[in-house]
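Please open the model in a viewer with residue selection and distance display enabled. The stops below are meant to be followed in order.

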Amino acid sequence: MNFQAVKSIYIFEMARFFRTLMQSFISPVISTSLYFVVFGTAIGSRIQEVEGVGYGAFIVPGLIMLSVMTQATSNASFGIYFPKFIGTIYELLSAPVSFLEITIGYVGAAATKAMFIGLVILGTSFLFVDITIQHPIAMFAFLTLTCLSFSLLGFIIGIWAGNFEQLQLIPLLIITPLVFLGGSFYSVSMLPPVWQTITMFNPVVYLISGFRWSFFGTADVPIGLSLFAIALFTALCVGVIAWIFKTGWRIRQ
């Protein structure tokens, strides 16, 4: 393992993040505040509790997952797409650096950025509602796994994308709708039976449910199934990335 190469890629990507630190910090705070005003106040005044949890607190895990998934995907996809766009990817490929080291550098930086955003949103939430995290270790583990898995997905998207429009296509048209329809602002048990069955085909449901369990001890699906789903998703992304570097698809072609 060439740790110097991993470190160089990671520091380079994080430097770009720190150049816009205030923007990266203020944006999630404002967005979270608006969500609490719209959902927590307007809707929360009509829905007092969901599964024994105040509605304002209930939506916190969903808010964090929404931002973490989109940020991890966007940061990782742009991180690897930009070197492709300007042609510096060939310098990286010609260096004595393996695909594993390249992936760890870019994905690690994207996951760190998403983790920072998630923690900022969690801290902002305490300004609006009282939250007690019943399983803090599990919460941190779910947050870390989600950041890593969606950073891996973003890495794949960045390699696949042929232009900036395609770069935003999957996050905007697929990931964000799946998060909204995955129980981020409501419990799946509140849906009619037929829609509960349909919702179970949404993979994001298992991630949000497991993450919410770490806060309140309640979940729409068994916690073991949530862990299996995120582990399977992570393994699939790693397998796809390994295949990409082995074949050179969209990199050397």
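The tour that follows passes through a predicted model, one selection at a time.

**Stop 1: the largest pocket**

Begin with a selection of Ser24, Ser27, Gln71, Asn75 and Ile117, which lie nearest the centre of the largest pocket. The space in this pocket amounts to about 520 Å³, and 19 residues form its lining. By class, the lining comprises six nonpolar, eleven polar and two charged residues. Four helices each contribute at least two residues to the lining: α1 (3-19), α2 (21-43), α4 (60-86) and α6 (99-125). Which helix gives the most to the lining? It is α4, with seven residues.

**Stop 2: helix α4**

Select residues 60-86, the extent of α4. A distance drawn between the end C-alpha atoms reads 39 Å, which agrees with the 39 Å that 27 residues should span at 1.5 Å a residue. Colouring by accessibility shows that α4 is mostly covered, with 20 of its 27 residues buried.

Within α4, pick Ile80. Its relative accessibility is 2%, so Ile80 counts as buried. Then add Ile102: the two residues are 22 apart along the chain, and their C-alpha atoms are separated by 9.4 Å. Finally, step to Gly87, just after α4, where phi is positive at about 90°.

**Stop 3: helix α1 and its two sides**

Move to residues 3-19, which make up α1. The 17 residues of α1 should span 24 Å at 1.5 Å a residue, and the separation of the end C-alpha atoms, 24 Å, agrees. Next, select Ala5, Val6, Ile9, Glu13, Met14 and Phe17, which are buried in α1. Turn the view to look down the axis: the buried residues of α1 fall within an arc of 155°, so they line one face of the helix. On the other side of α1, the exposed residues are Phe3, Gln4, Phe12, Phe18 and Arg19.

**Stop 4: the salt bridges of Glu13**

Keep Glu13 selected and show side chains. How many salt bridges does the model contain? The count comes to two.

For one of them, add Arg16, whose side chain meets that of Glu13 at 2.4 Å, N to O. Both residues belong to helix α1 and stand three residues apart, about one turn of the helix. In general, an α-helix has 3.6 residues a turn, so residues three or four places apart point the same way. The environments of the two partners can be read from their relative accessible areas: Glu13 is buried at 4%, whereas Arg16 is partly exposed at 23%.

For the other, add Lys113, whose side chain forms a salt bridge with Glu13 at 3.8 Å, N to O. This pair connects distant parts of the chain, with Glu13 in helix α1 and Lys113 in helix α6, 100 residues apart. Both Glu13 and Lys113 are buried. Through shared partners, the salt bridges join Glu13, Arg16 and Lys113 into one network.

**Stop 5: the loop at Glu51**

Select Glu51, in the loop between β1 (49-50) and β2 (53-54). Its backbone merits inspection: the phi of Glu51 is near 55°, a positive value in a residue other than glycine. Is Glu51 buried, partly exposed or exposed? At 35% relative accessibility, Glu51 counts as partly exposed.

**Stop 6: Ile131 and helix α10**

Go on to Ile131, in the loop between α6 and α7 (136-160). With a relative accessible area of 11%, Ile131 is buried. Draw a distance from its C-alpha atom to that of Val205: the separation is 21 Å, for residues 74 apart along the chain.

Val205 leads to the last selection, as it is one of the buried residues of α10. Select helix α10, residues 203-216, and compare the end C-alpha atoms: they are 21 Å apart, which agrees with the 20 Å that 14 residues should span at 1.5 Å a residue. Twelve of the 14 residues of α10 are buried, so this helix is largely enclosed by the rest of the structure. Among the buried residues to label here are Tyr206, Phe211, Arg212, Phe215 and Phe216.

Notes:
Residues numbered from 1 in each chain as written. Predicted model: local features only at pLDDT ≥ 70, side-chain atom pairs only at ≥ 80, totals over all residues. Heavy atoms only, no water. 1 Å grid on protein atoms, 1.4 Å probe; cavity = no way out; pocket = protein on both sides within 12 Å on 5 of 7 lines; lining within 4 Å. Points joined across faces, edges and corners; volume = space filled by probe spheres on them. Nonpolar A, V, L, I, M, F, W, Y, C, P; charged D, E, K, R; others polar. Expected span 1.5 Å × (residues − 1). Buried < 20%, exposed > 50% of the residue type's maximum accessible area, 1.4 Å probe, protein only. Salt bridge = Lys/Arg side-chain N within 4 Å of Asp/Glu carboxyl O. Arc of directions from axis to C-beta.
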